[in-house]
Every structure is written in structure tokens, then in C-alpha cells.
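Trainee: I've just opened this one and I'm new to it. Can you walk me through what's there?
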Amino acid sequence: MDPRATGQFDRGDISFIVVAGAMVFFMVPGLAFLYSGLSRRKSALSLIWAVAASNAVVIFQWYFVGYSLAFSSTATNGYIGNLRNFGLMKVEADPSPGSPLIPEILYSFFQMEFACVTAGILMGGLAERGRVFPAMIFIFFWMTFVYCPIACWAWSTHGWAFKWGVLDFAGGGPVEIGSGVGGLAYAWVLGRRNERELLNFRPHNVGLVGLGTFMLWFGWIGFNGGSAFGANLRAIFAIWNTMIAASFGGMVWCLLDFRIERRWSMVGFCSGTIAGLVAATPSSGYLRPWSSVVVGVLAGTLCNFATKVKFLLRIDDALDLFAEHAVGGVVGLMLNAFFAETAVIAMDDVTIGVRGGWVDHNWKQLYIQFTYVVATCAYSFVMTALVAKTVDLIPGLKLRSSPEGEMLGMDEVEIGEFATDYIELRRDVADCSTFGFTRGSNGYIPHAATNETHAQDTSSNDDPHHRIDEPTAPERLEPLTEKNECGTVTPS
């Protein structure tokens, strides 16, 4: 039944997308748990806060102007929309720009959840040194000037990439490259963490990493399956491809880590799973399941090796946004040029006449996909860096915390609460004197130069591999019954 002819929509399609949108929303707390587990304990809650708050900011931005800039049907320039749908005006029961199977008001909700997840991914760039309030100002403008234009290119019926025939099913460009390359640019503007903070950096809670990964995997089923915009065969193919790519990505990454560490890393398995999910995002609605085996294997392999890029560039991409999301998105987009099939694309019964890749003898699809990848990568990096630097120059909105704040942890200086504040511990680390700071009436201040005894104690260890956050005998961590002079601070 053609909804444009009858003015009605299939209730099954509507219900399917409502549920898929709710599953995509579930990815936001999944990201929060994942980032919290990957960080040090002293900055875990700040990342949860950043992901949660960015979700609220993006909902406002998408309602206010974002949807109109990405999908307004009257814009014709091919690069960004206009303000016809400002404040969701005239977004009601007409067939959506993405598919005639669902109404536009539902389409706007589903696309909003994509935007929320993208912003949440990008918040990983703050890890352990970024201030959260300036990041919220940044994310509003980033959505406006980076995400919305790229979404317009790929998905708007007037977008230049859409009209050129680019195959990007669920967001390899706007979501994955946008957040991955954007996260790299944001980390570049922030600068590297203190070198001592980079020594022996490891996740503080691998259990949360696993929980967050499987919450993401669950949500990704709705993310990719819902991008068929109806309860149809194409959605089932997208879900199958998502599952296959994720499983092979996790296994391959884990094996690659085992060859070096001789341990079956849980963090490695989770990293590979996410790499496979990322690569499935642009490809899952175009491929047959056998092709997704290749997608998962290549994503797990190339994303694993790409974690070394940040060392070559000397950019402190602490949570590997570039390696996971940008490289994974590029893998999925480029493999569309080889394995996309017209028969799979048409299984939603409305996307007719779209050509696949090389398996359909469409040889030019390779350079179309490559050009799109280059354009989105370049635009994402340059515009993210410009937006971040502009916000950073505004008085009071400096993106990075102070050196003492970085040492104490973002939870202490930015949030005032802690992710694991269920017990108070005394620490060589918890004693601010370890870091050379004392809590004063105006905040944390350096010790006076006259404190020679402490200065000698803390400067005598010249070993560059000595971890500042490990207590040394005989000063072991022990329970306290009251707060110490630094307050209840428990960084790892």
C-alpha cells in the first residue's frame, strides 16, 4: 500500500521505527558506561556527565534548528538546508524525506537519536583534561556547522552526495567519520595530557567497558535495522550484517592482541566488536551476509593497527575515536563500492533503481565512495578544529582544565562527585601534597617553597616509569572515617 496515495502509514512500520529509535537512545548510556570504564577512576564521572549532557543539548539543537538544516525539503544548494522547518514547523504527517513508509515527524525523531549518539561519541575527546561546560557550547555549534551539513550531503534528497549516488546506509560519513575525525581534531586542539598521566594508562573498570559495549551492540541493531525505515526484508538483512560484522571484528581484534600479550583481552574484544559495528553502519543495508564477514575482518584488523596513528601524529586521542570510528566508517564505505547489491537495496520495496557496486558491474562506485570519504574527512577535521578553537578563545570557555585539575581529576574539579565514591580512602594520591598542591580558600594552590622536606621527598624519584598514582610502602591505602584536608578524592 502506497502511503502517499492513501494518506496513511502502516502501523507495523511506525511501531518498528519507534522501537528502533528507543534502542538507539539506549546507546547513549552505553557510551557513558563504556567511556567511564575506559578512563581513570578520577575522571570517570565527568565523561558520563558529558555524554548525558550532550544528549540534552543535541535534542534542543535538533528541535530548534538541526533537523531543518539537515533535511528541509525546500533547500536546493546541496550542502546545507534552510530554516523552513525551524522549531519543527511543518514537520507533521507528510511522508518523510528518507522514506515514504513513515511520517516526517517520526523520521525527525529517529534522526535526532542518530545525532545524539554522534555527539556522545565525540565527547570521548574530552578524556581526562577537557572542561565539560565549554564542551556543551562546542557541541551545539559542532552539530550546527559539522554534523548537519554532512547529514544533508548524504541523506537529504537535495544533498550533493545523495544525488551523485554515494552509498551510505546509516551514517558512515555523518556519524562515524564526523565523530571519529572530529574527535581527533578536538583532541588536537585540547593538546596532550601531562606526560605523567600517559604512563601506564589503563581502563579502571573493564566490567563497565563490557557492559557499555553490549548496550551499544543492542542499540546498534535498532540503529542499522531501523535505517530501512520499515519492518521489511532490508531491515532484516541490515540486522544480520550488523551481527556478523561485530562478531568477526571482535574475534579478529582479540586474536591480534593475543599474538603480542598472550592474554585474551576483554578490552580488545570489545574494541573489535565496536569496530565491526562501526563498519556495518554504512554498509549493512547494501550487502549480503557473506560480504559482512569481510567487513568484520577488515574492520577488526585495520582499526587495530590504526590505534598507532595517534602516536605518529602525537595527538592524544585517549579513547581511540579516530581508530575505531573514523577508520571503521571508511572501511564500511569503501567496501560498499565492491559488495553493494541492487537486489538487497530494493528489499524495502521503495528504494528502486539504486545501483550497487562492483558485484553489479558498477565500476565507478569506487571513486564515488572515495571522493565522499575524502570530503567528509577533510571537512570534519577542519571545521571541528575551527569551531573548537573559536570556543576556546572566548573568555571563560577555555576547553582544557588547568594542570592541577588534570592531576586531581575532572571529577573533583568539574563535577564535585565521583563514579565510585562509595568508600573514602586515604591515598598518597589522595593527599594533595603528593602533587604539590594544597586546598586553600581560593582553590588548589602550590606548596610554598619553604616546604623543603616535602619538596625533597616528592622530587627524589627521578624514575620516569614511577607511577604518581600508586602509593609507596609504607603508605598504603587504608579506610578513613572522616575527610582529609583535600576532601573525598579517589583518583586511580
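Mentor: Sure, let's begin in a loop: H361 is found between α16 (342-345) and α17. The helices (H or I, at least four residues) and strands (E, at least two) are DSSP runs, numbered from the N terminus.

Trainee: What's the phi of H361?
Mentor: H361 has a positive phi of about 60°, although it is not a glycine. Most residues other than glycine have a negative phi.

Trainee: Is H361 buried or exposed?
Mentor: H361 is exposed, with a relative accessible area of 54%. Buried means under 20% relative accessible area, exposed means over 50%, and partly exposed is in between (1.4 Å probe, protein chains only).

Trainee: Before we go on, what should I know about the model?
Mentor: This is a predicted model: local features need pLDDT of at least 70, side-chain atom pairs count only at pLDDT 80 or more, and totals for chains, interfaces and linings use all residues. Residues are numbered from 1 along each chain as its sequence is written, and side-chain values use heavy atoms, with hydrogens and water left out.

Trainee: OK, and where is F229?
Mentor: F229 sits in the loop between α10 and α11. F229 has a positive phi too, near 55°, and is a residue other than glycine. At 10% relative accessibility, F229 counts as buried.

Trainee: Zooming out, how many helices and strands are in the chain?
Mentor: The chain has 20 helices and four strands. Of its 492 residues, 56% are buried.

Trainee: What share of the contacts comes from residues 24 or more positions apart?
Mentor: They account for 77% of the contacts in the chain with a separation of 6 or more. A contact means heavy atoms within 4.5 Å.

Trainee: Switching to rings, how many aromatic pairs are there?
Mentor: The count comes to 32 aromatic pairs. Rings of Phe, Tyr and Trp (its six-membered ring) pair if their centres lie within 6.5 Å; planes under 30 degrees apart count as stacked, over 60 as edge-to-face and the rest as tilted. Take F114 and W155: that pair is edge-to-face, at 6.1 Å centre to centre with 80° between the planes.

Trainee: Which helices do F114 and W155 lie in?
Mentor: F114 lies in helix α5 (residues 104-122) and W155 in helix α6 (residues 132-155), so the pair ties together parts that are 41 residues apart in sequence. Both F114 and W155 are buried.

Trainee: Got another pair for me?
Mentor: Look at W164 and Y367, a tilted pair at 6.1 Å centre to centre, with 55° between the planes. W164 is in helix α7 (residues 160-164) and Y367 is in helix α17 (residues 365-393), so this pair ties together parts 203 residues apart in sequence. W164 is partly exposed, at a relative accessible area of 35%, and Y367 is partly exposed, at 47%.

Trainee: Which residues do ring pairs link into a cluster?
Mentor: Among them are F114 and W155 from before, plus W62, Y67, F71 and F229.

Trainee: Now pockets. How much space lies in the largest pocket?
Mentor: About 1,400 Å³. On a 1 Å grid over the protein atoms alone, a pocket is an open set of points where a 1.4 Å probe fits, with protein on both sides within 12 Å along at least five of seven lines; lining residues have an atom within 4 Å of a point. Grid points are joined across faces, edges and corners, and a volume is the space filled by probe spheres set on the points.

Trainee: How many residues line the largest pocket?
Mentor: There are 45, of which F201, V267, T307, K310 and D320 lie nearest its centre. The largest share of that lining, six residues, comes from α11.

Trainee: And the second largest pocket, which residues lie nearest its centre?
Mentor: G98, F162, R234, T351 and V354, out of 37 lining residues. The second largest pocket holds about 850 Å³ of space, and α5 gives the most to its lining, with three residues.

Trainee: Last topic: how many disulfides does the structure hold?
Mentor: Zero. A disulfide is a pair of cysteine sulfur atoms within 2.5 Å.

Trainee: How far is the sulfur of C254 from the closest cysteine sulfur?
Mentor: The distance is 9.2 Å, to the sulfur in C270, and that is too far for a bond. C254 counts as buried at 10% relative accessibility, and C270 counts as buried at 1%.
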